[in-house]
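Trainee: Please take me closely through a single part of this model, the strands and the helices that pack around them, and set that part within the chain.

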Amino acid sequence: MHIAVRAEEIREQFLQELEGLPHDAHQIKLLKDKYLGRKGLVADLFSTLKDVPVKDKPNAGKILNELRQSLSIKFESYIKTLDSNGENMNHGDLTLPEDPYLIGGIHPLTHTLNEINSIFIKLGFSTVYGPEVDTDFFNFEALNIPKHHPARDMQDTFYVKDGVVLRTHTSNTQIHTMLKNDPPIKIIAPGRVFRNEDISVRSYCLFHQVEGLYIDKNVSFADLKGVLSHFAREMFGQNVKTRFRPSYFPFTEPSAEMDMSCFFCDQKGCNICKYEGWLEILGCGMVDPEVFKSVDYNPENWSGYAFGMGIERIAMLKYGVKDIRLFYEGDTRFLGQFV
Ligand code: DAH
């Protein structure tokens, strides 16, 4: 048979087989051997070259070389597409040492929470946990959040059924703790909270908070300022300054928000502190007498302070994380940076 015709036959047959080839290293090697191997079909055809008349030899040789080259190129580019699809073809160097063990790490939120806990535990606070599914009474009513308050709106709160919610803050644990214990009380309550918010770089439908509550005789706002300023310095560095801005929460009176000096720009103004030089980090205040009444504590005898902070917010500031969603996606490229 004429070499050019046979070469064309081989090419077509090769392309057909390549198309139906299973992604299997052994099958791929067989195909390569069959066509391009030392005893393969192309080599076979080359061996017939000696019978070709001298005058036709250059042309026949050229056809054969082109055949070998085009099959090799097709084959190599097929292998490349497999690699880029992530198929494990095992055609690497088997003598290479294996990958080192991947070491897991503590999630940055857990790590931040551990740090927060340990600062307060050294100050004599104990850790308690409250329920994530709770009644209207614990999440709102006993905290002096009135019936018409926007926080109770279906838009903001996930209702499990009438009167039962996914807690919107860890403040519910204040009420559980006070109903179960007599004062003095000195607790922090970390945990997960839920809000029906649009998901964005800044907000997520669940996040974490740490609640703090200290109740004793003659607890003053000065005690609150002292403890929370100490916390900010332990958490973010001894040079951090704090300030307390008047604010409003239904369960504290007076209420405040604590800001700390922006350590990203040394208070010169940057886009993280929105050119204010201060970063808002938590809400706090003196426990409202109405809250004491709902748990049967006599506000004449007891006073106390409470505070609440978002763990994600603290972690984002501490590690310079710009998108809150990264904490929940489990992407090891993100998590691996904290190992
Ligand atoms: N519960 C508030 C929130 O989710 C945070 C908070 C503010 C808690 C002031 C407190 C407090 O205990 O005193 O935004």
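Mentor: Helices (H or I, at least four residues) and strands (E, at least two) are DSSP runs, numbered from the N terminus. The model is predicted, so local features need a pLDDT of at least 70 and side-chain atom pairs count only at pLDDT 80 or more, whereas totals for chains, interfaces and linings use all residues. Residues are numbered from 1 along each chain as its sequence is written, and side-chain values use heavy atoms, with hydrogens and water left out.

The chain as a whole comes before the part. It holds eleven helices and ten strands. An automatic or database domain assignment, the origin of the bounds, gives domain 1 (3-84) and domain 2 (108-338), and the C-alpha centres of these two domains are 71 Å apart. The C-alpha trace spans about 120 × 50 × 35 Å along its principal axes. The radius of gyration of the chain is 35 Å, where a compact globule of 339 residues would have one near 20 Å; the value is taken over C-alpha atoms, and the globule rule is 2.2 Å times the number of residues to the power 0.38.

Now to the strands. Seven of them form an open sheet of mixed pairing, in the order β1-β5-β6-β10-β9-β8-β7; two strands pair if DSSP finds at least two bridges between them. At the edges stand β1 (126-127) and β7 (242-249), and each has a single partner strand, so one side of each lacks a neighbour in the sheet. At the β1 edge, the pairing with strand β5 (residues 185-194) is parallel and runs over two bridges. Thr-127 has Ile-188 in β5 as its bridge partner.

Helix α5 (residues 108-122) packs on this sheet, where it touches β1, β5, β6 (206-216) and β10 (303-310), and its direction makes about 165° with that of β5. Contact here means heavy atoms within 4.5 Å; axes are lines fitted to C-alpha atoms, for helices over the stretch in contact, and angles run from 0 to 180 degrees between N-to-C directions. Helix α7 (residues 172-180) lies across β5, β6 and β10, at about 40° to β6.

Two features of the backbone belong to this region. Pro-183 and Pro-184 are joined by a cis peptide bond with omega of about 0°, and Pro-184 sits in the loop between α7 and β5. A cis peptide bond also joins Glu-253 and Pro-254, with omega of about -5°; Pro-254 belongs to strand β8 (residues 252-261). In the loop between β8 and β9 (278-287) lies Gln-267, which is not a glycine yet has a positive phi of about 65°.

The helices also pack on one another. The axes of α5 and α10 come within 9 Å and cross at roughly 100°. That crossing makes α5 roughly perpendicular to α10, given that angles under 35 degrees count as roughly parallel, over 145 as roughly antiparallel, 65 to 115 as roughly perpendicular and the rest as oblique. From α5, the contact includes Leu-109, His-111 and Ile-116, and from α10, Ile-311, Ala-315 and Tyr-319 are among the residues met. The residues of this contact comprise eight nonpolar, two polar and three charged; Ala, Val, Leu, Ile, Met, Phe, Trp, Tyr, Cys and Pro count as nonpolar, Asp, Glu, Lys and Arg as charged, and the others, Gly among them, as polar.

Helix α10 (residues 311-319) has a further contact with helix α8 (residues 221-236), their axes coming within 11 Å and crossing at roughly 45°. The two helices are therefore oblique to each other. Phe-231, Met-235 and Phe-236 of α8 meet Ile-314, Leu-317 and Lys-318 of α10, a contact of five nonpolar, no polar and one charged residues.

A further sheet completes the account. Three strands in the order β2-β4-β3 form an open sheet with antiparallel pairing. Its edges are β2 (133-135) and β3 (159-161), each with a single partner strand, so one side of each is without a neighbour in the sheet. On average, and with direction ignored, neighbouring strands of this sheet are turned by 35° against each other. β2 pairs with strand β4 (residues 164-166) in the antiparallel sense over three bridges, and Thr-135 has Val-164 in β4 as its bridge partner.
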